[in-house]
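I am keeping these notes while I look through one structure, entry by entry. I begin with a residue in a loop and then work outward to the whole chain.

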Amino acid sequence: MEKRLEQLPKLAEEALQENRKYFANLKKRTPKNLDYVMQELHDAEFAKTDCLDCGNCCKTTSPIFTDKDTERISKHLKMKVVDFTNTYLQRDEDNFMVLKSSPCSFLDESDNTCFIYDVRPKACAEYPHTNRRKFIGITDLTIANTFICPATYSIVENLKKVLPLKSKTKKTRS
């Protein structure tokens, strides 16, 4: 896994322009079964992927914490919401509540487990979002996640094979 994680940014960068073009074209002609295809690809990838072998998302990025997340986690930690917020969170440039530090304060780096797994933020529970309904609306997020999550990178590469976009070539009449 270490080698795969080491190679991931380079692989994602090499595929970046192709992925942007692919998703731009996919948005123009979105197949009706896209969400179903994504669910199938997601399930197939995560049948063979154990996130505990990686944990790169928890080591490098922060989820967005909603008010509900903050209340639920604070209660679990037996903290006041304001104390939890002041200890762990800050507002980012987009005005979202995110972690102050990276890796995640709740990550046990010895085995990539999460101290608050049962009450983790919704964004963590849904990560990497490749099985989300109306997937076509989060293609930019998905491209960004190809730099972080090896499973997302694989899912996108497999999507391009399963739903190849046919280039428009002029047909001439004989």
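**Entry 1: two lysines in loops**

I looked up K134 and found that this lysine is exposed, with a relative accessible area of 64%. I should write down at once that the model is a predicted one, and that every value in these notes is computed from it. K134 lies in the loop between α6 and α7, and its phi is near 55°, which is a positive value in a residue other than glycine.

I then turned to K78, whose phi is also positive, near 55°, again in a residue other than glycine. This lysine is found in the loop between α4 and α5. Is K78 buried or exposed? Its relative accessible area is 76%, and exposed means over 50%, so K78 counts as exposed.

**Entry 2: the chain as a whole**

Next I stepped back to see how the chain is built, and I noted eight helices and four strands. Reading along the sequence, I wrote the pattern as α-α-α-α-α-β-β-β-β-α-α-α. The C-alpha atoms fill a box of roughly 75 × 35 × 30 Å, taken along the principal axes.

I also asked what percentage of the 174 residues count as buried. The value is 35%. For the contacts in the chain with a separation of 6 or more, I noted that residues 24 or more positions apart account for 69% of them.

**Entry 3: aromatic rings**

How many aromatic pairs does a search of the whole structure find? It finds six. I looked up one of them, F65 with F84, and found the ring centres 6.3 Å apart and the planes at 50°, so I entered this pair as tilted. The pair links distant parts of the chain, since F65 is in the loop between α3 (56–60) and α4 (67–76) while F84 is in helix α5 (residues 81–88), 19 residues apart. I checked the accessibility of each ring's residue as well: F65 is buried at a relative accessible area of 4%, and F84 is buried at 0%.

F84 also pairs with F106, and here I wrote "stacked", with 6.2 Å centre to centre and 15° between the planes. F84 belongs to helix α5 and F106 to the loop between β2 (97–99) and β3 (107–108), so this pair ties together parts that are 22 residues apart in sequence. Both F84 and F106 are buried. Putting the ring pairs together, I could draw a cluster made of F65, F84, Y88 and F106.

Before leaving the rings I noted a charged residue beside one of them: R120 lies over the face of Y117, at 3.8 Å from the ring centre.

**Entry 4: helix α8**

I wanted to test a helix against its expected length, and I chose α8 (residues 150–162). At 1.5 Å a residue, its 13 residues should span 18 Å, and the end C-alpha atoms are 18 Å apart, which agrees.

Which residues of α8 are buried? I listed P150, A151, T152, Y153, S154, I155, V156, L159 and K160. These buried residues pack against α1 (2–28), α2 (34–48) and α7 (139–145).

**Entry 5: the largest pocket**

I then looked for open space, and found about 1100 Å³ in the largest pocket. The lining has 48 residues, and the closest to the centre of the pocket are C57, A123, C124, A125 and Y127. At least two lining residues come from each of α3, β2, β4 (113–114), α6 (122–126), α7 and α8.

Which of these elements gives the most to the lining? My note says α6, with five residues.

**Entry 6: two cis peptide bonds**

Last, I looked up the peptide bonds before two prolines. The bond from S102 to P103 is cis, with omega near 0°, and P103 lies in the loop between β2 and β3, where I had already placed F106. The bond from Y127 to P128 is also cis, with omega near 5°. P128 has its place in the loop between α6 and α7, which is where K134 from my opening entry lies too. Y127 had come up before as well, among the residues closest to the centre of the largest pocket.

Notes
Residues are numbered from 1 along each chain as its sequence is written. This is a predicted model: local features need pLDDT of at least 70, side-chain atom pairs count only at pLDDT 80 or more; totals for chains, interfaces and linings use all residues. Side-chain values use heavy atoms; hydrogens and water are left out. Rings of Phe, Tyr and Trp (its six-membered ring) pair if their centres lie within 6.5 Å; planes under 30 degrees apart count as stacked, over 60 as edge-to-face and the rest as tilted. Buried means under 20% relative accessible area, exposed over 50%, partly exposed in between (1.4 Å probe, protein chains only). A charge sits over a ring if NZ of Lys or CZ of Arg is within 6 Å of the ring centre and within 35 degrees of the ring normal. The expected span of a helix is 1.5 Å times one less than its number of residues. Contact means heavy atoms within 4.5 Å. On a 1 Å grid over the protein atoms alone, a cavity is a set of points where a 1.4 Å probe fits but cannot get out, and a pocket is an open set with protein on both sides within 12 Å along at least five of seven lines; lining residues have an atom within 4 Å of a point. Grid points are joined across faces, edges and corners, and a volume is the space filled by probe spheres set on the points.
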